[in-house]
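This report describes one protein chain in plain terms. Please keep the sequence and the 3D view at hand while reading.

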Amino acid sequence: MTTTTLTDRPQLGQWRDFDELAALQDVRLPELAAAAARSPFYRIRLRDGVPGTREALRRTGFTTKRDLRDSYPFGLLAVPRQRLATYHESSGTSGEPTASYYTEDDWADLSERYARKWIGIGPDDVFLVRTPYALMITGHLAHVAALRRGALVVPADNRSLAMPYRRVVRLLHDLGVTLSWSLPSEPLLWAAAARAAGYRPGRDFPALRALFVGGEPLGPARRSRIAGIWGVPVVEEYGATETGSLAGQCPQGRLHLWADRAIFEVYDPRTRTVAPDGRGQLVVTPLYRDAMPLLRYNTGDEVEVAYRDCACGWHLPTVRVLGRSGFRYPVGDTTVNQADLEEVVYGLPARYEVMFWRARAERARLLVEFEVPAEHRPAACAELTAALHTRLGVTADVAGLAPGSLVPHQVLTAEADVAKPRSLFGPEENWDSALLYYREAPGG
């Protein structure tokens, strides 16, 4: 595949409407398809011809997660292995992990897409990365994007026992963190940990100017709740290890697909039809993929896509991410997913101070538990029960719990006890942690 520099790739504002956007896609598609045909997997899949047009692409079958797993590790490699810069695997939340790999050219595109934030990243920023590193791409992606824009990066991996919430709060406060990248759940946990440490989230972190979030579906109600607690904008990102960033939030609060860098389709598994918009599973053909080109990759994520004008002027389709299609559960005569429930729970008045909740879908009813201070508990339970019935049509048993019931206080205040592995211990030392990198904190 011909090396493509960032200046060759489309930039926001380069097209004036959706027709010009489609034209950019059509110009790039033949080169991408030809590159895909150089991988072992697509060499077989495309033996009857390379799809150089959009119509031909539609006749190409979906690439599925099963295809990626069956092609492990390098069955989709389209360049000499010596050109690879990094190897990654997905989290495996919907099954076995899938492999992905990227060249330096891929990383230029990946980092540029990630940095397409309406609140930019620059040399004056202290950027805290609070997503997994290891094999998943999410932490590395934010880290590289911030470094390339001159920011000071704080690698606060959320899967490391060396980074408990108490330490995160200390870094946020003492380093003057200006931007962060995390799951949407994290800032709520930070807020609880900050309060446990005697800080006020909306006042005692004056350097903070935005929270970048991704990795979970995020509805308007939870976004508003997080923003209200911290007093800064919450900027959403959507993507996957297999693809990198696929969408970003505009200044109007809408999530837009990066359709100048990929062709998107929506597959309805019920009718087995494919359309450019509507509700269904998101199918993506990245147009600037070097090491591992993908044609019509079905992400399995349930989305709603629409082509409509937005005041931001980006001229990109909007997307609402509803989550993995499999995570819907029947309750009574309807079904519910986390996105539905989240909107109702965080739709409760902010004065009730609701941050943490959980639910179990049973066949006849929905069980919901949430933390709420005692003075608000009766009103909050009554309002949530009524809202679940009115908005979702489900019968629910709702229980208000004391703060600390779902997220224990010790989780928010614990300080990690980290030790390097050793084999020799003194007579009074506990040697049960011999050879282990981490040992339990006292009283843990």
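Setting aside neighbours within four places in sequence, serine 71 is in contact with Phe41 and Leu76, where contact means heavy atoms within 4.5 Å. The model is predicted: local features need pLDDT of at least 70 and side-chain atom pairs count only at pLDDT 80 or more, while totals for chains, interfaces and linings use all residues. Residues are numbered from 1 along each chain as its sequence is written, and side-chain values use heavy atoms, with hydrogens and water left out.

Serine 71 sits in the loop between helix 4 (65–70) and strand 1 (84–89). Helices (H or I, at least four residues) and strands (E, at least two) are DSSP runs, numbered from the N terminus. Serine 71 is buried, at a relative accessible area of 13%. Buried means under 20% relative accessible area, exposed means over 50%, and partly exposed lies in between, with a 1.4 Å probe and protein chains only. Proline 10 is 61 residues away from serine 71 along the chain, and their C-alpha atoms are separated by 31 Å.

Proline 73 is also found in the loop between helix 4 and strand 1. The peptide bond that leads from tyrosine 72 to proline 73 is cis, with omega near -5°. Most peptide bonds are trans, and most residues other than glycine have a negative phi. Alanine 134 has a positive phi of about 45° although it is not a glycine, and glutamate 353 has a positive phi near 60°.

The table gives the place and relative accessible area of some residues.

| Residue | Place | Relative accessible area |
|---|---|---|
| Alanine 134 | loop between strand 3 (126–130) and helix 6 (138–148) | 64%, exposed |
| Glutamate 353 | loop between helix 10 (338–345) and strand 17 (357–361) | 48%, partly exposed |
| Valine 344 | helix 10 | 2%, buried |

What does valine 344 touch, leaving aside its neighbours within four places in sequence? Valine 344 is in contact with Leu384, Ala387, Leu388, Arg391 and Leu392. On the same basis, leucine 388 is in contact with residues including Leu341, Val344, Leu366 and Val398.

The largest nonpolar core has 55 residues, of which Trp230, Leu366, Phe370, Leu384 and Leu388 touch the most other members. Helix 8 (residues 185–196) gives the most to this core, with 7 residues. Apart from it lies another core, of 45 residues, among them Ala37, Phe41, Leu246 and Val319. A nonpolar core is a set of buried Ala, Val, Leu, Ile, Met, Phe, Trp, Tyr and Cys residues joined through side-chain atoms within 4.5 Å. In soluble globular proteins, nonpolar side chains tend to be buried together.

The secondary structure of the whole chain comes to 12 helices and 19 strands. Its radius of gyration, taken over C-alpha atoms, is 23 Å, close to the 22 Å that the globule rule gives for 444 residues, so the chain is as compact as a globular protein of that length. The globule rule is 2.2 Å times the number of residues to the power 0.38. Along its principal axes the C-alpha trace spans about 65 × 60 × 40 Å. Of the 444 residues, 51% count as buried. Among contacts between residues at least 6 apart in sequence, 65% join residues at least 24 apart.
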